[in-house]
Amino acid sequence: MRATTPREDLLRGIWRENPVLVQMLGLCPALAVTNTVENSLAMGVATFFVLCGSSLLVSLLRRLIPGEVRISAYILIIATFVTIADMGLEALVPDVHKALGAFIALIVVNCMILGRQEAFASKRPVGRALLDAVGTGAGFIVALFLMGAVREIAGMGSFLGVPLFGAGYEPWVVMILPPGGFLTLGLLLIALSAWQRRRRAAATAGGPGPAAEVRP
Amino acid sequence: MSDLLAILLSAMVVNNFTLALFLGLCPFMGVSGRVETALRMGLANIFVLVITSLCAWGLNTFVLVHAPYLRVISFIVVIASLVQIVEMAVKRFSPTLFRQLGIYLPLITTNCAILGLAIFQTNRGYGLLEGLFFALGAGLGLTLALVLMASIRETTELSEVPDVARGTGLVLIVAGTLSLAFMGFAGLLSA
């Protein structure tokens with residue numbers, strides 16, 4: 001495996017290898033609970049917590065977990081942290097807990113978390129594993145926040161519950177309903193792909209200048 | 001009986017697992033390229049969903065009343081071992097079917113629809129029979145969504161789409177449109 005610097009471990013998950021927008025992992029929560037900014041942030045923070053906790057524990061135990069049962073062991077560790085997050089949210093913010101409903105328990109099957117354990121935390125020392133978890137978790141929050149912001153602004157004309165437009169604004173109700181989730185993510189991906197194409201075209205036209213993206 | 005039918009229809013079209021609740025999106029994106037594989041994946045899902053519903057009912061009735069905080073952990077362990085057992089049984093009794101299902105069978109473990117079903121069933125307090133109808137409806141709904149999506153994707157492959165939109169972006173837009181169409185079923189049960 002290629003050696004990486006600690007800085008790279010932390011930063012790549014946030015944008016360049018963003019779990020949702022680039023790797024297409026964890027789509028289920030990214031679509032289901034992003035109808036408002038508040039719900040998106042709560043889901044992002046809960047997932048962030050579970051990812052950091054599991055990465056830390058998996059990395060600590062990496063020499064003790066036998067290879068044959070490693071996936072089951074990871075799932076058990078993740079499920080434990082999800083139970084903690086579930087109970088914590090219920091005690092601290094009961095309203096948000098109710099709005100997210102079954103989707104908190106479903107963090108267990110978020111393939112992004114299991115993916116990071118298998119691909120990274122199980123092979124690296126604790127510090128690196130934690131950096132990677134923080135980066136990937138932050139990337140997940142960024143993606144959910146983008147989705148939530150687009151959907152709440154368009155669908156309710158507000159941001160974090162604060163109205164943005166005057167009373168004359170006709171909300172696009174479809175954006176906070178299930179189809180809006182698919183449409184928002186689809187349009188977001190198309191916009192990203194168009195933007196990347198333009199950058200790549202600019203980079204090749206002007207020679208490999210400092211703006212050119214260095215891909216491993 | 002009409003209650004049970006309502007549960008089945010509600011899980012199948014009104015609250016379709018994939019298009020309204022976003023459960024089971026991985027196979028929806030991954031194996032919806034061909035109608036034939038989509039159908040096979042759907043059938044494998046129905047099978048596992050129904051058995052999961054039985055197990056979740058058993059756990060809820062006999063075990064979790066004593067230790068509710070173990071819910072998530074025990075569900076995921078049971079589902080993982082269940083898929084393993086089903087895989088071994090299919091391999092033993094029908095090697096042909098096993099070859100046809102291939103990688104899809106083990107992948108069902110990480111399909112959130114399965115765990116979602118167990119949790120929804122618990123939250124709504126469904127009994128044994130209600131749970132079975134719920135699982136059957138959810139499975140049929142998943143299969144319907146998969147097959148519809150696969151048929152549309154087979155067609156879009158040949159149509160002219162702007163280059164930037166090719167790939168996942170287009171699939172998501174199509175899924176959004178399908179989801180919009182399925183919202184038309186919302187009045188079906190309240191009427």
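## Exercises on a predicted model

In chain B, 42% of the 191 residues are buried. Keep in mind that this is a predicted model. Four exercises follow, each with a worked solution.

**Exercise 1.** Work out the fold content of chain B: how many helices and strands does the chain have, and in what order do the elements run?

*Solution.* Start with the count: chain B has 10 helices and 0 strands. Next, read the elements from the N terminus, which gives α-α-α-α-α-α-α-α-α-α.

**Exercise 2.** Compare the radius of gyration of chain B with that of a compact globule of 191 residues, then describe its extent and its contacts.

*Solution.* First, take the expected value: a compact globule with 191 residues would have a radius of gyration near 16 Å. Second, set the value for chain B beside it: 17 Å, which agrees. Third, look along the principal axes, where the C-alpha trace of chain B spans about 60 × 45 × 30 Å. Last, turn to contacts with a separation of 6 or more: in chain B, 80% of them join residues 24 or more positions apart.

**Exercise 3.** Place B:V174 in its surroundings: which element holds this residue, and which residues beyond its sequence neighbours does B:V174 touch?

*Solution.* Begin with the element: B:V174 sits in helix α9 of chain B, residues 168–182. Then count around the residue: 19 other C-beta atoms lie within 10 Å of B:V174, and because a buried residue needs 20 or more, B:V174 is partly exposed. Now leave aside the neighbours within four places in sequence; B:V174 is in contact with B:I152 and B:T156. Finally, check a C-alpha distance: B:M149 is 25 residues away along the chain from B:V174, yet their C-alpha atoms are separated by 7.9 Å.

**Exercise 4.** Examine A:M24 and A:L160, each with a positive phi: is each residue buried or exposed?

*Solution.* Take A:M24 to begin with. Its phi is about 60°, although A:M24 is not a glycine. The residue lies in the loop between α1 (6–11) and α2 (27–32) of chain A. Inside 10 Å there are 21 C-beta neighbours, so A:M24 counts as buried.

Continue with A:L160. This residue, also other than glycine, has a phi near 55°. Its loop in chain A runs between β1 (158–159) and β2 (162–163). Here 11 other C-beta atoms fall within 10 Å, so A:L160 is exposed.

To finish, put the two side by side: A:M24 is buried, whereas A:L160 is exposed.

Technical notes: Residues numbered from 1 in each chain as written. Chains lettered and ligands numbered in written order. Predicted model: local features only at pLDDT ≥ 70, side-chain atom pairs only at ≥ 80, totals over all residues. Helix = DSSP H or I, 4+ residues; strand = E, 2+ residues; numbered from the N terminus. Contact = placed C-beta atoms within 7 Å. Rg over C-alpha atoms; globule rule 2.2 N^0.38 Å. Buried ≥ 20, exposed ≤ 12 C-beta atoms within 10 Å, placed from the backbone.
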